[in-house]
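Visitor: Could you take me slowly through one part of this model, beginning with a pocket and then going on to the ligand and what surrounds it? I am in my first year, so please keep the steps connected.

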Amino acid sequence: MRIVIVGGGASGMMCAIAAAKFGSDVTLLEKNEKLGKKIYITGKGRCNVTNFCSAQEFLNNVVSNEKFLFSAINKFSPYDTYDFFQNYLSLKIERGNRVFPESDKSSDVIKSLEKAMTEYGVKVVLNCCVNAVKGTEFDYKIYTDCGEYVADRVVIATGGKSYPSTGSTGDGYKIAKSFGLKLIDPKPALCPIITKQAVKEIEGITLKNVELSAYSNGKLIRKEFGEMLFTANGVSGPIALTISSFINREKNVLLKLDFKPALNFETLDARIVRELNDPNRKVLKSVMRSLLPERLVRYLLRICNLSGDKPTSQVTKSDRICIVNTLKGLEFDVRSLAPFEQAIITSGGIAVDELTPQMESRKRKGLFFVGETVDVDALTGGFNLQIAFSTGYVAALKASQVKG
Ligand SMILES: Cc1cc2nc3c(=O)[nH]c(=O)nc-3n(C[C@H](O)[C@H](O)[C@H](O)COP(=O)(O)OP(=O)(O)OC[C@H]3O[C@@H](n4cnc5c(N)ncnc54)[C@H](O)[C@@H]3O)c2cc1C
């Protein structure tokens, strides 16, 4: 089988390796001067290559269309990814079952994939941008900057739109559209959130053990507990990134930040009363400093229209109610998500009902879409690279006409 794969990222390379291993004649076309530019920046340069967990645990971490991934993940599971890479490099498992190369170098992951491609005889063409794909089953023409290619099967592995500087500029969507495939509007995901309220003065403050909840038109969408930080124009950090993946298809989103999730309203109020009665605390701001970082104290007191210099003896019950309400649910209206340039992944893409579980177009036999081109996305922890590897692998099986 002659297979052309468009895109030399995680999904394209795994697909190329598997297809060549199954006996296909594989050519991989990559528009950059090198392979795996995005892999290079993954996991802060360490590459969290997968998550050492069962297929079911994996699916629990998929945000969009987890059922669609059932077959792919069972055919090529996180354990298979682990075994594959172990043939080429040492791995280690960290907190939350995150798998990294022992060397902490993402470049070693890229080298492993390159080595496997060489081993199985994949032809790699760099600096080769694919502009269009035409044709039908067993007879595809691939039009590129470096000439025309013909293939029996074509796999589109061009990624989404996030971090476009790595080469993922949404080219696969144009190819899908040219074949009449339905697209779900691509949105940034795992990205910072921009708020309508100004937060510049609290920029850089990191909070631990807080709870962030997102509501759309009053309905709770998602609640996350953990660490977050304020940026120049909104919120970021682990729990904000997770929340972003659940609100990117929602309108009128409100965030509520609970600074003290371990305490309910009454216990928090009782604690404030205790602090107010402490003879060492003369003014309100010294009470607040026992609860929050300095810059946040000013920010919160302004919301309640209170002066930090108000003597503790003059703080009223209604002052306390406002403080506690703000500490238990500081509200931010969401203006937008950060742009694709700052989004770890893209949510949306080729609609899953356009594809078989082997990633083949239902309309155009022999045309496959894998990895981030497809409307599937997951949380952080190695799950997104696993999606790329699993979908690339099952496409290779089908494209090479191997019974899986
Ligand atoms: C900063 C950052 C950190 C991340 N960290 C992790 C992590 O630690 N763990 C994890 O699981 N996931 C992580 N991800 C997500 C993960 O990197 C992606 O989900 C995954 O790389 C997607 O693989 P892909 O093959 O679908 O697409 P991509 O990796 O985007 O690859 C697409 C390739 O296609 C090429 N291409 C595009 N258009 C054309 C064309 N017209 N012709 C030829 N070639 C073309 C591109 O140049 C690119 O090389 C991270 C993402 C980012 C941005």
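Guide: In this predicted model, the second largest pocket is lined by Met14, Ile17, Ala18, Lys21, Phe22, Phe76, Asp80, Phe84, Asn87, Tyr88, Tyr120 and Tyr393. Two elements, α1 and α5 (78-86), each give two or more residues to that lining, and α1 gives the most, with four residues. If you sort the lining of this second largest pocket by class, you find nine nonpolar residues, one polar residue and two charged ones, while the volume of the pocket comes to about 210 Å³.

From the pocket we can turn to the ligand, which has 35 residues around it, and of these Ser11, Glu30, Ser168, Glu372 and Leu385 come nearest. Two of these residues can be looked at atom by atom: in the side chain of Ser11, an N or O atom is 2.7 Å from an oxygen atom of the ligand, and in the side chain of Glu30, an N or O atom is 2.6 Å from an oxygen atom of the ligand. With Asn48 the backbone takes part, since one of its N or O atoms lies 3.0 Å from a nitrogen atom of the ligand. As for how much of the ligand is covered, the ligand taken alone exposes 1000 Å², and the protein buries 95% of that area.

The shell around the ligand can also be described by its elements, and those that give two or more residues to it are α1 (10-21), α2 (37-41) and α13 (383-399). Helix α1 therefore appears in this shell as well as in the lining of the second largest pocket, but in the shell around the ligand it is α13 that gives the most, with four residues. Sorted by class, the shell around the ligand holds 14 nonpolar, 16 polar and five charged residues.

Let us stay with α13 for a last step, for this helix also contains Thr391. Is Thr391 buried or exposed? Thr391 counts as buried, because its relative accessibility is 0% and the cut-off for buried is under 20%. The side chain of Thr391 nevertheless has a polar atom with a partner to point out, as this atom lies 2.7 Å from the backbone oxygen of Ile387.

Definitions and conventions. Residues numbered from 1 in each chain as written. Predicted model: local features only at pLDDT ≥ 70, side-chain atom pairs only at ≥ 80, totals over all residues. Heavy atoms only, no water. Near = heavy atom within 4 Å. Polar contact = N/O pair within 3.5 Å; in protein donor to acceptor, adjacent residues only side chain to side chain. Areas by Shrake-Rupley, 256 points an atom, 1.4 Å probe, with all protein chains shown as cover. Nonpolar A, V, L, I, M, F, W, Y, C, P; charged D, E, K, R; others polar. 1 Å grid on protein atoms, 1.4 Å probe; cavity = no way out; pocket = protein on both sides within 12 Å on 5 of 7 lines; lining within 4 Å. Points joined across faces, edges and corners; volume = space filled by probe spheres on them. Buried < 20%, exposed > 50% of the residue type's maximum accessible area, 1.4 Å probe, protein only.
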